[in-house]
Amino acid sequence: MDVACYFLYEEERLRFKQEPNLIRIIDQRIESTPEASAHSRFQNRLTSKEIGDGGFQPVEFPESPADLPDTPDTPKLAVMHPDTAAVEDGGDTPPNRVTQLYEQQAAKHEGETETRIYKNYALFLAPDADRMDAAIDEARRLEAIEALLDSPEQKADLSSEQIEELRERSDEAQLMLGELVRNVYRHLYYPDRDGLTHITIGATESNGGTTLVDAVQTTLEDKIVKRDAGARGSAHVQQKLWQQTQDAMSTEALVNQYAKKPGLDYLFSTKPIRETVSSLVSDHGYAYWDGESGTAYWAGTTEPSTWPHPEPFAESPDVETSIRDSEVQIGGAFVVYREIDALVDDHLDEIDRPEQTIATCAECGAEVENPEGSEPYYCEEHQSDTTCRSCGKEVDSEQLLDERGRCQECQPEESWEASKKMMSASRAFSEVRRDAESKAGTDRTPLIEEVTIQVGGEDPFQAAKFVSQRPGFKAREDAVTVRMQYETRTDDGTYSAEFTGSPSRFRDVIDQPGSFGNDRETIQFRFQFDEPEPITDEGDDLLAALDNDLDAGNIDVRVEGRGPIRASSEVTV
């Protein structure tokens, strides 16, 4: 015979033809293709095309703690190897290797392991064991087809039409393999407060338009903080990010909290944090220190108690009274303070004193050193023992001047002022009360003129409702103004509410809809007394009453109080 003959079995007959049976040739090649080649094809397809990239940084096939970086810069998505962490039982319990990598980190291979610090940024994508066989079969089929196309000897036996058909089958197998590979990797484990949570993802579009990283981002969309997310609320900062024992945190430390604390969102951009710092300084009494430029940002009006100079703190060339998010930087040298006093304590030597005005004597024009009060000023030669050093008025007796030489009209009324960070209600009220008594000293009585209470905790709405129903609160309702701000948002929806009014009306609107995104919430009670309440040993004042009412409660509050200090003989109890 001049050419080879090929036969087909058809209806109990043998039919001979000169063209080979393409399907049979492919099947024969599949049978001779090693399984190792199929696994290699599967793995190459996964790593080269199907994992992808994005906000989650993929880490391919980590085997030991040293393979999965423990850093706070970007959330890591560990794509597990089928031989290491295939899921066989539905996925509710993470594979042992996943649990090990989540709990441990190491600086180098075979080095000592330590507890992983940035657990919230360790996510895991594991393959489904039951779906591996179909993907490996398709990988072996593709290997066989491409081997035929690469074989000149085999192609010599095929017609041009069969070669074209073989190429089409190769293209189809490529698409099918991609779909099957993505379908295998469907078990996602991500951190939550109670450990790793399991969820299945879908990335099986046949056109290959969705990578595994894309599918994970779509699945966790509600937990991702993107560039346009906006500022986080002050309650979110206090409850989720702030280290309660600290008066200050660097912006780097705030950002790193998202990586450390399991269950927090994934920060894809630091812009929302910069906007948050700007909001905290502008609207919530915080201060910000730029360690590179040596600049303090603070929008308050009450002079810091730790500022030693007579010139206003805000007039220092190193102080800015407004801030934009573009002025906030992320790093260890850029620090957020809950109160301005702590910032001044830490950086007093770096903040220049405002330019001093040269004071001159109203009589002779000589320079007056360290002038007291306001003009006119007098030098020692022209300052009599009965002249007020503040206004220059003569008084009848030296006894009518205070120790700083001021007449009664120029003497400021003594006052107390105290504030406490978020802490248990009983402790906050008792500490503010003790600060007031300490400032007054003996033979004088502090009085309460204004008290502001910000309610915190996991559910500030219910906590605020409880506080507003306490006897000590209700007895003084006429002096209270309630201010509430609430917002919950996602990328495609926002709900917000504001309220300012009386406690009775506030209790009517306290029930809020369930959160469907990121919450921002603030609730404040402000007591303002026309007749200040004295703080005495009888304990009849507001601070004592709330301390007693909330002694056994599990409620956190931030408290600010102020009022005058008067001689005890002048106070009517």
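**Exercise 1.** How many aromatic pairs does a search of the whole structure find?

*Solution.* The search turns up twelve aromatic pairs. Keep in mind that this is a predicted model.

**Exercise 2.** Take the rings of Tyr 288 and Tyr 297: is the pair stacked, tilted or edge-to-face?

*Solution.* Start with the centres, which lie 5.7 Å apart. Pairing asks for centres within 6.5 Å. Next, the planes: they meet at 45°, so this pair is tilted. As for their surroundings, Tyr 288 and Tyr 297 are both buried.

**Exercise 3.** Now classify the pair formed by Trp 298 and Phe 313, and work out where each partner sits.

*Solution.* Here the centre-to-centre distance is 5.8 Å and the angle between the planes is 65°. Edge-to-face needs an angle over 60 degrees, and edge-to-face is what this pair is. Then place the partners: Trp 298 belongs to strand β14 (residues 295–298), while Phe 313 is in the loop between β14 and β15 (319–320). They are 15 residues apart, and the pair links distant parts of the chain. Both Trp 298 and Phe 313 are buried.

**Exercise 4.** Is helix α11 largely enclosed or not, and why?

*Solution.* First, get its extent: α11 runs over residues 271–283 and reaches 18 Å from first C-alpha to last, close to the 18 Å expected. Then check burial: eleven of the 13 residues are buried, so the rest of the structure largely encloses α11. Among the buried ones are Lys 271, Arg 274 and Glu 275. Past the helix comes Gly 285, with a positive phi near 80°.

**Exercise 5.** Which ring does the charged end of Arg 470 sit over?

*Solution.* That ring belongs to Phe 466, and the charged end is 3.8 Å from its centre.

How values were computed
Residues numbered from 1 in each chain as written. Predicted model: local features only at pLDDT ≥ 70, side-chain atom pairs only at ≥ 80, totals over all residues. Heavy atoms only, no water. Helix = DSSP H or I, 4+ residues; strand = E, 2+ residues; numbered from the N terminus. Expected span 1.5 Å × (residues − 1). Buried < 20%, exposed > 50% of the residue type's maximum accessible area, 1.4 Å probe, protein only. Phe/Tyr/Trp six-rings, centres within 6.5 Å; stacked < 30°, edge-to-face > 60°. Lys NZ or Arg CZ within 6 Å of the ring centre and 35° of its normal.
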